[in-house]
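Trainee: I have just opened this entry and would like a friendly tour. Could we go through it in questions and answers?

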Amino acid sequence: VLAEVIKAFGAPENAQRMEEARDNACNDMGKMLQFLLPVATQIQQDVIKAYGFSNDGEGGFFPERGAPAAGTYFLPTPFLAGVLKFARLIKSYESQDPEIASMSGKLKAMFLPPMTLPPHGAGTGGVATS
């Protein structure tokens, strides 16, 4: 199933959708959540629903507070239910199977920006010394 999800991201129409969402996000983390994550979630859901990962969550919208801004994508909570179950299942197998861990990393790299750690001070733990 994980291999099929990764393959789905490579399909021309999905690659185009992801590229448009990345362009709209402009490397801004908040905008990534607003534009890229909903597209990535929908692509995954389209594949995993055939394997029993259904949209069986409770109703409502995520996040629940505040009115959405113009052009904002909010995923209905049921839409997230199957993808979240799938993600938890994959996470549970990552430590047991190097191939699953590798594919999971590839999947995350398709829609999560690379995270860089800030430089650490030499033995100061981030506290200024005098």
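Trainee: Which residues does leucine 2 touch, not counting residues up to four places away in sequence?

Mentor: This is a predicted model, in which local features need pLDDT of at least 70, side-chain atom pairs count only at pLDDT 80 or more, and totals for chains, interfaces and linings use all residues. Residues are numbered from 1 along each chain as its sequence is written, and side-chain values use heavy atoms, with hydrogens and water left out. Touching, or contact, is taken as heavy atoms within 4.5 Å. By that rule, the residues that leucine 2 touches are Phe86, Ile90, Ile100, Met103, Ser104 and Leu107.

Trainee: How many helices and strands are there in the protein chain, and what pattern does it follow?

Mentor: Helices (H or I, at least four residues) and strands (E, at least two) are DSSP runs, numbered from the N terminus. The protein chain has five helices and two strands. Read along the sequence, they give the pattern α-α-α-β-β-α-α.

Trainee: How many residues does the largest nonpolar core have, and which helix gives the largest share?

Mentor: A nonpolar core is a set of buried Ala, Val, Leu, Ile, Met, Phe, Trp, Tyr and Cys residues joined through side-chain atoms within 4.5 Å. The largest one here has 24 residues, and Leu2, Val5, Phe9, Met18, Phe86, Leu107 and Phe111 have the most contacts inside it. At least two residues of this core come from each of H1 (2-10), H2 (12-25), H3 (29-48), H4 (77-94) and H5 (98-111). The largest share is eight residues, and the helix that gives it is H3.

Trainee: Why would such residues gather together, and what percentage of the protein chain counts as buried?

Mentor: In soluble globular proteins, nonpolar side chains tend to be buried together. Buried means under 20% relative accessible area, exposed over 50%, and partly exposed in between (1.4 Å probe, protein chains only). Of the 130 residues of the protein chain, the share that counts as buried is 28%.

Trainee: Glutamine 44 is in helix H3; is this residue buried or exposed?

Mentor: Leaving aside neighbours within four places in sequence, glutamine 44 is in contact with Val5, Phe9, Val83, Phe86, Leu107 and Phe111. Its relative accessibility is 5%, so glutamine 44 counts as buried.

Trainee: What does the side chain of glutamine 45 reach?

Mentor: Glutamine 45 is also placed in helix H3, and at 2% relative accessibility this residue counts as buried. At 3.0 Å, its side chain reaches the backbone oxygen of phenylalanine 53.

Trainee: Are H1 and H2 roughly parallel or roughly perpendicular to each other?

Mentor: Axes are lines fitted to C-alpha atoms, for helices over the stretch in contact, and angles run from 0 to 180 degrees between N-to-C directions. Angles under 35 degrees count as roughly parallel, over 145 as roughly antiparallel, 65 to 115 as roughly perpendicular and the rest as oblique. H1 and H2 pack at about 70 degrees, with their axes 5 Å apart. The two helices are therefore roughly perpendicular.

Trainee: Which residues of H1 and H2 make the contact?

Mentor: From H2 come Pro12, Asn14, Ala15 and Met18. On the side of H1, the residues are Ala8, Phe9 and Gly10.

Trainee: Where is glutamate 94, and which residues does it touch, not counting residues up to four places away in sequence?

Mentor: Glutamate 94 is in helix H4, and its relative accessible area of 16% makes this residue buried. Glutamate 94 and serine 104 are 10 residues apart in sequence and 7.5 Å apart in space, C-alpha to C-alpha. The residues that glutamate 94 touches are Ile100, Ala101, Ser104 and Lys108.

Trainee: Is glutamate 20, in helix H2, buried or partly exposed?

Mentor: Glutamate 20 and leucine 36 are 16 residues apart in sequence and 8.6 Å apart in space, C-alpha to C-alpha. With a relative accessibility of 43%, glutamate 20 counts as partly exposed.

Trainee: Where is asparagine 27, and is this residue buried or exposed?

Mentor: Asparagine 27 has a positive phi of about 60 degrees although it is not a glycine. Its place is in the loop between H2 and H3. With a relative accessible area of 72%, asparagine 27 is exposed.

Note on methods
Polar contact = N/O pair within 3.5 Å; in protein donor to acceptor, adjacent residues only side chain to side chain.
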